[in-house]
Amino acid sequence: PGLRPFELDEEHLFFGREGQADELLVRLNRTRFLGVVGTSGSGKSSLVRAGLLPSLYSGFLADASSGWRVAILRPGSSPMRNLAEALNDPEVFGEDPASDEAVIRTALTESTLRRGALGLVEVTNQARMQTHENLLVVVDQFEEVFTQCAAEKRDEFVQSLVSVGKAQTPLSVVMTMRSDFINEWLETGQPSGVMDDDSVHLGALQGENLRAAIVEPARMQGYEIEPALLNLLLGDVKAETNCLPLLEFALKELWEVRDTERRVLTAEAYQEMKGLKGALNKRADKVFSQMRPEPEQQWAKRVCLQLVRVGQGEKDTRQRQRKATLLAMGGEDGAKQQIIADVIQDLVDG
């Protein structure tokens, strides 16, 4: 899938984390609040989406009912609002998001969530799920509560999640978080065991697991990885830290130029890409060079700067922005807003 995480329907292409997926099931069977912690780019989101969720839907969790509703969100700067929107997804408790009723229901849900620490439990109980159903709330990139949230909003959200463990309701929470935010988590006053006993810590993919992640997705589609290419990939991964997203991107690029006659991905194509970093840089340079220096390239720089939160001596992190916020950089000038919209689309399509 490149730089994005694997999704539920890509389970058949997800290899290398089978042991951790099983561990998630074991731990989720004994706790209602589970953390998935690892370095940036270690594959936390993919593990939950393409490892844990397929197992839940298949009924592999012991002592749990067979039906699952899954609400997935990222906290952003308004975690309670984002949680309310996730709960009101049509596949969870909601209606068509374009309807007026959906807007009202989302507002009412957010109001209920904010009533107290058990607000999420109350929303779940009000939904009146069937006796065979469970709700799983997946909070992806939980570190956003520390980088984008006001302290009051953060504390309110954290209390709502951890209180799930005290409730008698078919509700569980799984969150993914970068391991370099453990100290910030401890500063919220939560027990250290929540990020120790009740969490799964992901290390780097290594050995046969790494080999499987490279080779098996191609084999599932009738292709092979040249031995020379596999050696190059394994060597470059060993030399780079936290490079799993770069590996996935390079593999996606290699798939686009695969040898369809011999049904193989080649070392020659990889060398032309100039390795893991070269593959991404080459694609980014191509997209950027196709823009006019004035004004598209200048707006592209401004847009990208808005998508990074500089840590000012601390950790730099991604920073989501609404499209409307980015368009507003053009002020009331419709022509500028159209240029920004075109630049955003070019970056997305690239």
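User: At 14% relative accessibility, does Arg49 count as buried or exposed?

Analyst: In this predicted model, local features need pLDDT of at least 70 and side-chain atom pairs count only at pLDDT 80 or more, whereas totals for chains, interfaces and linings use all residues. Residues are numbered from 1 along each chain as its sequence is written, and side-chain values use heavy atoms, with hydrogens and water left out. Buried means under 20% relative accessible area, exposed means over 50%, and partly exposed lies in between, for a 1.4 Å probe and protein chains only. With its value of 14%, Arg49 therefore counts as buried.

User: Which residue meets Arg49 in a salt bridge of 3.3 Å, N to O?

Analyst: A salt bridge is a side-chain nitrogen of Lys or Arg within 4 Å of a carboxyl oxygen of Asp or Glu, and at 3.3 Å the side chains of Arg49 and Glu7 meet in one. Glu7 lies in the segment before helix H1 (18-28) and Arg49 in helix H2 (residues 44-57), so the pair ties together parts that are 42 residues apart in sequence. Helices (H or I, at least four residues) and strands (E, at least two) are DSSP runs, numbered from the N terminus. The partner, partly exposed with a relative accessible area of 29%, is Glu7.

User: Which residue meets Arg49 in a salt bridge of 3.2 Å, N to O?

Analyst: At this distance the side chain of Arg49 meets that of Asp140. Asp140 lies in the loop between strand S3 (133-139) and helix H6 (144-147) while Arg49 is in helix H2, so the pair ties together parts that are 91 residues apart in sequence. The partner, which counts as buried at 2% relative accessibility, is Asp140.

User: What is the N to O distance in the salt bridge between Glu10 and Arg4?

Analyst: Glu10 counts as buried at 14% relative accessibility, whereas Arg4 is partly exposed, with a relative accessible area of 38%. Their side chains meet in a salt bridge whose N to O distance is 2.7 Å.

User: How many salt bridges does a search of the whole structure find?

Analyst: Some salt bridges share partners, and in this way Arg81, Glu110, Arg114 and Glu156 are joined into one network. Across the whole structure, the number of salt bridges found is 21.

User: Which elements are included in what covers the buried residues of H1?

Analyst: The buried residues of this helix are Gln20, Ala21, Leu24, Leu25, Arg27 and Leu28. What covers them, with contact meaning heavy atoms within 4.5 Å, includes strand S1 (33-38), H2, strand S4 (171-178) and strand S5 (199-202).

User: Phi of which residue in the loop between S3 and H6 is near 55 degrees?

Analyst: Such a phi is a positive value in a residue other than glycine, and the residue concerned counts as buried at 11% relative accessibility. Arg128, in the loop between helix H5 (119-127) and S3, also has a positive phi, near 50 degrees, but counts as exposed at 71% relative accessibility. The residue in the loop between S3 and H6 is Gln141.

User: From which residue does the cis peptide bond to Pro295 run?

Analyst: The place of Pro295 is in helix H14 (residues 293-306). The bond leading to Pro295 is cis, with omega near 5 degrees, and runs from Glu294.
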